[in-house]
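Biologist: Please take a close look at a single part of this model for me, and tell me how it sits in the chain. I would like one connected account, with the cut-offs spelled out.

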Amino acid sequence: MKSLNPNPLGPVYSATKAAVIALTRSWAANSEVTNAGIRLNVYCPAFADTALVSNLNKETCLDVNKAKEFVNYIGVMA
């Protein structure tokens, strides 16, 4: 499922999507919910083929080396 793969350009988005899935599974496993006849589902869309997505290129993508430099910079801030 492409929509559930981690997105290197959006780690926070990927993490929150995973959290929503886990939360939904936890609620669905709750006996009070299942005994009440409630069914829970999560819709996890992938990127839609839009002009915004098609215009993404390497210039707008995350530069891993710059990200490492930034993380190192934050780590040494006093």
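Modeller: Happy to; what follows is about helix 1 and a loop residue that touches it.

This is a predicted model, so local features need pLDDT (the predictor's confidence in each residue, from 0 to 100) of at least 70, and side-chain atom pairs count only at pLDDT 80 or more, while totals for chains, interfaces and linings use all residues. Residues are numbered from 1 along each chain as its sequence is written, and side-chain values use heavy atoms, leaving out hydrogens and water.

First, the setting. The chain has four helices and zero strands, where helices are DSSP runs of H or I with at least four residues and strands are runs of E with at least two, numbered from the N terminus. Of its 78 residues, 12% are buried, meaning under 20% relative accessible area with a 1.4 Å probe, protein chains only; exposed means over 50%, and partly exposed lies in between.

Helix 1 covers residues 11-29, 19 in number, and its first and last C-alpha atoms are 27 Å apart, close to the expected 27 Å; that expectation is 1.5 Å times one less than the number of residues. Its buried residues are Ser14, Lys17, Ile21 and Thr24. They lie on the same side of helix 1 because they cover an arc of only 90 degrees around the axis, taken from the directions from the axis to the C-beta atoms. On the other side, Pro11, Val12 and Ala29 are exposed.

Now to the loop between helix 2 (31-35) and helix 3 (51-54), where Val42 is found. Setting aside neighbours within four places in sequence, Val42 is in contact (heavy atoms within 4.5 Å) with Val20, Ile21 and Thr24. Two of these partners, Ile21 and Thr24, are buried residues of helix 1. The C-alpha atoms of Val42 and Val20 are 8.0 Å apart, although 22 residues separate them along the chain. Val42 itself is partly exposed, at 34% relative accessible area.

A word on confidence: the chain averages a pLDDT of 76, and 63% of residues score at least 70. Helix 2 has the highest mean, 91, and helix 3 the lowest, 67.
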